[in-house]
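The questions below ask how the descriptions of one protein model follow from the cut-offs behind them. Each answer sets a value against its definition and then concludes.

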Amino acid sequence: MPHRLDINIEPAQTTLIPKEIFNPELKQAIVELNFGFDAKYQVVLSEICNDVVFLSVVDKKMYDMATCKFPAVAFFSTYRLLFLGFKKLSRADKRSKHQIFVNIMPNSFDLFIFEKNQRLIFANTFTYQSSNDFLYYFLHVVNRLRIDTGGLTLKITNSTDSSKGIVDVLEPYFLSIIELSGNENPLSLRMKIQPGLSLINPALCE
């Protein structure tokens, strides 16, 4: 029996929609309303996870290259990996009212916030040029959601030497900050094979 191959493909943009209000027939209209139209990003990944639909716009050239090399694969977006991994980890600390996760990249970061019952209440990607930019966007979100971060532990992924300044500016706002590593990091089991394209552990996509 052949092994199943899953490919993680980095989306150009992703939006999350509650499953109960999502109409698959309007998928393209939703994409154009949210992202506009760009011929480079014609391919859309529609992934359903629990009660959330992830609608991602994917680079068409990259998608075509992947399907040419691997004709019988399933495609998943980074957002789905992060959502599943962080949601699973949010079960660990049932004392806290909120669980906050940040995936740090060189010029952008993904912010996920769950309630104690594992319900996702916020997910978005922000671009930044400095640690002050990062802090501004981060505090804007937690303030709008009226979250007191003082007693919370912030969990981060992809922390590097270059992102140390970001961690430093966040430290005063949290009880503690920990870096997710090993199997706790939803992205740690990826094997990079192409910019924006990577093989992932199939078990993460079940």
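Q: What makes β2, β4 and β3 an open sheet, and which strands stand at the edges?
A: In this predicted model, three strands follow the order β2-β4-β3 with antiparallel pairing. Strands are DSSP runs (E, at least two residues; helices are H or I, at least four), numbered from the N terminus, and two of them pair if DSSP finds at least two bridges between them. β2 (13-18) and β3 (43-49) each have a single partner strand, so one side of each is left without a neighbour in the sheet. Residues are numbered from 1 along each chain as its sequence is written.

Q: How do you know that β3 and β4 pair?
A: DSSP must find at least two bridges, and β3 and β4 (residues 52-58) have seven, in the antiparallel sense; therefore they count as paired. Within this pairing, S46 stands opposite L55 in β4.

Q: What packs on this sheet, and at what angle?
A: Helix α1 (residues 27-35) touches β2, β3 and β4, with its direction at about 70° to that of β4. Helix α3 (residues 78-89) also touches β2, β3 and β4, and its direction makes about 15° with that of β3. Contact here means heavy atoms within 4.5 Å, and angles run from 0 to 180 degrees between N-to-C directions of lines fitted to C-alpha atoms, for helices over the stretch in contact.

Q: Why do β8 and β10 count as edge strands?
A: Five strands form an open sheet in the order β8-β7-β6-β9-β10, with mixed pairing. β8 (120-127) and β10 (176-179) each have a single partner strand, so one side of each lacks a neighbour in the sheet. β7 (residues 108-115) and β8 pair in the antiparallel sense over seven bridges, and the bridge partner of I113 in β8 is F122. Helix α4 (residues 131-144) lies across β6, β7, β8 and β9, running at about 20° to β7.

Q: What makes a set of residues a nonpolar core, and which have the most contacts inside the largest one?
A: A nonpolar core is a set of buried Ala, Val, Leu, Ile, Met, Phe, Trp, Tyr and Cys residues joined through side-chain atoms within 4.5 Å. The largest has 24 residues, and those with the most contacts inside it are I100, V102, L111, F134 and F138. Its largest share, six residues, comes from α4. Side-chain values use heavy atoms, without hydrogens and water, while local features need pLDDT of at least 70 and side-chain atom pairs pLDDT 80 or more, although totals for chains, interfaces and linings use all residues.

Q: Why is the pair of F109 and F126 called stacked?
A: Rings of Phe, Tyr and Trp (its six-membered ring) pair if their centres lie within 6.5 Å, and planes under 30 degrees apart count as stacked, over 60 as edge-to-face and the rest as tilted. F109 and F126 lie 5.3 Å apart, centre to centre, with 25° between the planes, so the pair counts as stacked. F109 lies in strand β7 and F126 in strand β8, so the pair ties together parts that are 17 residues apart in sequence.

Q: Why is F126 called buried, and Y137 partly exposed?
A: Buried means under 20% relative accessible area, exposed over 50%, and partly exposed in between (1.4 Å probe, protein chains only). F126 has 14%, so F126 is buried, whereas Y137, at 31%, counts as partly exposed.
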